[in-house]
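Here is a structure to read together, one careful question at a time. The sequence and the model come first, and the reasoning follows.

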Amino acid sequence: MRQFVSLVTVFLMATAAAPRLQAQTSHAAPQSALDAVVQQHVDTTAADREAVLRVLGHSEVKGVAARAGIDLRRATGAVSTLQGEDLARVSAQAQQVEKALAGGQSRIVISTTVIIVALLVLILIIVAVD
């Protein structure tokens, strides 16, 4: 009887350990794929920040910010704190401003001015909320 109990105990222990051993060896994705996804996210975030900072560096944007009474240094500093959806939204608006200013336009139309002011206000609101 003792031998039977010992065999059952060993069998139960082996059965309980088997799923744990299998879980340690299988992965959903290889490490190289995970590294590539992380690197892509880092690159996208850096490109979004660069696009916003590039637009904030335009002399036309500086002029609009000064006329609207918006501190451009504060907005520029706030760009480094933006993350995720907020950064993507601000970057999309910055790209609209950049397209409007493309081609060396020296005259800003009202719609471009509104987009610039909205961009600056959005940056400041997002930072103030966080």
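Accessible areas here come from the Shrake-Rupley method with a 1.4 Å probe, and for residues only the protein chains shown count as cover. The model is a predicted one, in which local features need pLDDT of at least 70 and side-chain atom pairs count only at pLDDT 80 or more, while totals for chains, interfaces and linings use all residues. Residues are numbered from 1 along each chain as its sequence is written, and side-chain values use heavy atoms, with hydrogens and water left out.

Q: How much surface does the chain expose, and what share of it do carbon and sulfur atoms supply?
A: The chain exposes about 9100 Å², and carbon and sulfur atoms supply 61% of that area.

Q: What makes up the secondary structure of the chain?
A: Helices (H or I, at least four residues) and strands (E, at least two) are DSSP runs, numbered from the N terminus. By that rule the chain comes to 6 helices and 0 strands, and along the sequence the pattern reads α-α-α-α-α-α.

Q: What makes a set of residues a nonpolar core, and which members of the largest one touch the most others?
A: A nonpolar core is a set of buried Ala, Val, Leu, Ile, Met, Phe, Trp, Tyr and Cys residues joined through side-chain atoms within 4.5 Å. Buried means under 20% relative accessible area, exposed means over 50%, and partly exposed lies in between (1.4 Å probe, protein chains only). The largest such core has 24 residues, of which Leu56, Val90, Leu119, Leu120 and Ile123 touch the most other members. Two or more residues come from each of helix 2 (31-56), helix 3 (59-68), helix 4 (72-79), helix 5 (84-101) and helix 6 (110-129), and helix 6 gives the most, with 7 residues.

Q: Which residues is Ile123 in contact with, leaving aside its neighbours within four places in sequence?
A: Contact means heavy atoms within 4.5 Å, and by that measure Ile123 meets Val52, Leu56, Ala75, Ala78, Val79 and Val90.

Q: Why is Ile125 called partly exposed?
A: Its relative accessible area is 47%; this value is neither under 20% nor over 50%, so Ile125 counts as partly exposed. Ile125 lies in helix 6, and together with Val121 and Val129 it makes a nonpolar surface patch of about 270 Å². Such a patch joins nonpolar side chains (Val, Leu, Ile, Met, Phe, Trp, Tyr) within 5 Å, and like charges within 9 Å, among residues with over 30% relative accessible area and no salt bridge.

Q: How do you know that Glu98 and Arg54 form a salt bridge?
A: A salt bridge is a side-chain nitrogen of Lys or Arg within 4 Å of a carboxyl oxygen of Asp or Glu. The closest N and O atoms of Glu98 and Arg54 are 2.5 Å apart, so the pair meets that limit. This pair links distant parts of the chain, with Glu98 in helix 5 and Arg54 in helix 2, 44 residues apart.

Q: What makes Glu50, Arg54 and Glu98 a network?
A: These residues are linked by salt bridges, since Arg54 also pairs with Glu50, their closest N and O atoms being 3.4 Å apart, within the 4 Å limit.

Q: Why is Arg89 called partly exposed?
A: Arg89 has a relative accessible area of 42%, which falls between the two cut-offs and therefore counts as partly exposed. The side chains of Arg89 and Asp86 meet in a salt bridge at 2.7 Å, N to O.
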